[in-house]
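Got your viewer open? Let's take a short walk through the model, starting wide and then zooming in on one turn.

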Amino acid sequence: MSARSAARALNIAVRQAAPKAARAYSLVAARRALPSAPKATRGVKTLDFAGTKETVYERADWPLPKLQEYFKNDTLALIGYGSQGHGQGLNARDNGLNVIVGVREGGESWKQAQEDGWVPGKNLFPIDEAIKKGSIIMNLLSDAAQSQTWKDIKPLITEGKTLYFSHGFSLVYSKDTGVEAPSNVDVILCAPKGSGRTVRTLFKEGRGINASIAVWQDVTGKAMEKARALAVAVGTGYAYETTFEKEVYSDLYGERGVLMGGIQGMFLAQYKVLRENGHSPSEAFNETVEEATQSLFPLIGQYGMDYMYNACSTTARRGALDWAPIFEAANKPVFEKLYKSVRDGTETRRSLQFNSQPNYREAFAKETAEIDNQEIWRAGKTVRSLRPDAKNN
């Protein structure tokens, strides 16, 4: 398959169809005066997703003055400053909300928060102090850390506060994590569909990531309203409603499947077969990874699978159509097994066991180093250096 025809189609389509950059929602990005898209009030709407009607909540429902007014009496206490903490915290701060960060004093997260402008004693505190000061407690510690610290945190979540998560893991698998919500507070979720770094980047670009929102417990009768508003506050462009259970099932399943685990396995299998049949590392990588990520996947992301098929040669189309059902049949039993493993808690117990070990960082680094040292990815470093924008890689 030649990548040139697909790449050419993408370039033409982007030039002809790309919309003007939307005005950034954040205060920081707004000051950069990005070109504004035509004004349109969209707001809450019901859309048809392949025959199923679903409600979508959009950023237009919460213009900045309304958002700031809604949270004017609240202090968002963000607990943990990892990937999501970094992205969500900075976005909410840029949106003009009162945000404080709670992490272990003197630790790496404390130092990182200071580098990002959080000031000890002003908006950076030890965890227990931040929780006491906050009205909305955003527990963004890692899943393992939430389990380990819950016995100390739970007594501090007093009546009148709101408890916020970005993953359903701890509550859904409470038998394994030991995390049970206090009965007298609203418990809500906003789960951005991407890494915290992406949450931050898309916010600064004025785009906003998509997210799922859910309510575990509604004491005040306003839990869903708060979830919708907080989704916008932390950088969401649009949000859709789900449950804590469905969020965690789909999240664990997706990242182990197509998003991360599956794609690594598929890439490696195809690359190895090419190498075993005499193809060079550069050719094997280009036909497996480079053409996918640089030419075909962008087309799928922007216009859909059918568009990508139509942008390729007739020979490529025929082979793809013939082999897609074979791959589906071969992979469906694997995905069924994976979903069952997520649903019954096997994946949760495995994650907690591994991530709770004192040396888990070293063990994780060892495993990812093994991936980095695979020939496919070593070849990829050289291929990437040949791109016109190589200086940015």
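How many helices and strands does the chain have? Switch to cartoon view and count along: there are 19 helices and 10 strands. Keep in mind that this is a predicted model.

Now select the whole chain and turn on the surface. Of its 393 residues, 41% count as buried. The accessible surface comes to about 21400 Å², and carbon and sulfur atoms own 53% of that. If you like contact maps, draw one here: among contacts with a separation of 6 or more, 68% are between residues 24 or more positions apart.

Time to zoom in. Select 45–49, which is strand 1, and 52–58, which is strand 2. In which sense do strand 1 and strand 2 pair? They run antiparallel, joined over 5 bridges. For one facing pair, show aspartate 48 and look across to lysine 53 in strand 2, which stands opposite.

Next, follow the backbone around the bend. Strand 1 and strand 2 make a hairpin, with 2 residues between them. Pick alanine 50, which sits in that connecting loop. What is its phi? The angle is near 55°, a positive value in a residue that is not glycine. For context, most residues other than glycine have a negative phi.

Last stop: stay on alanine 50 and bring the surface back. Is alanine 50 buried or exposed? Its relative accessibility is 87%, so alanine 50 counts as exposed, the cut-off for that being over 50%.

Definitions and conventions
Residues are numbered from 1 along each chain as its sequence is written. This is a predicted model: local features need pLDDT of at least 70, side-chain atom pairs count only at pLDDT 80 or more; totals for chains, interfaces and linings use all residues. Side-chain values use heavy atoms; hydrogens and water are left out. Helices (H or I, at least four residues) and strands (E, at least two) are DSSP runs, numbered from the N terminus. Buried means under 20% relative accessible area, exposed over 50%, partly exposed in between (1.4 Å probe, protein chains only). Contact means heavy atoms within 4.5 Å. Accessible areas come from the Shrake-Rupley method with a 1.4 Å probe; for residues, only the protein chains shown count as cover. Two strands pair if DSSP finds at least two bridges between them.
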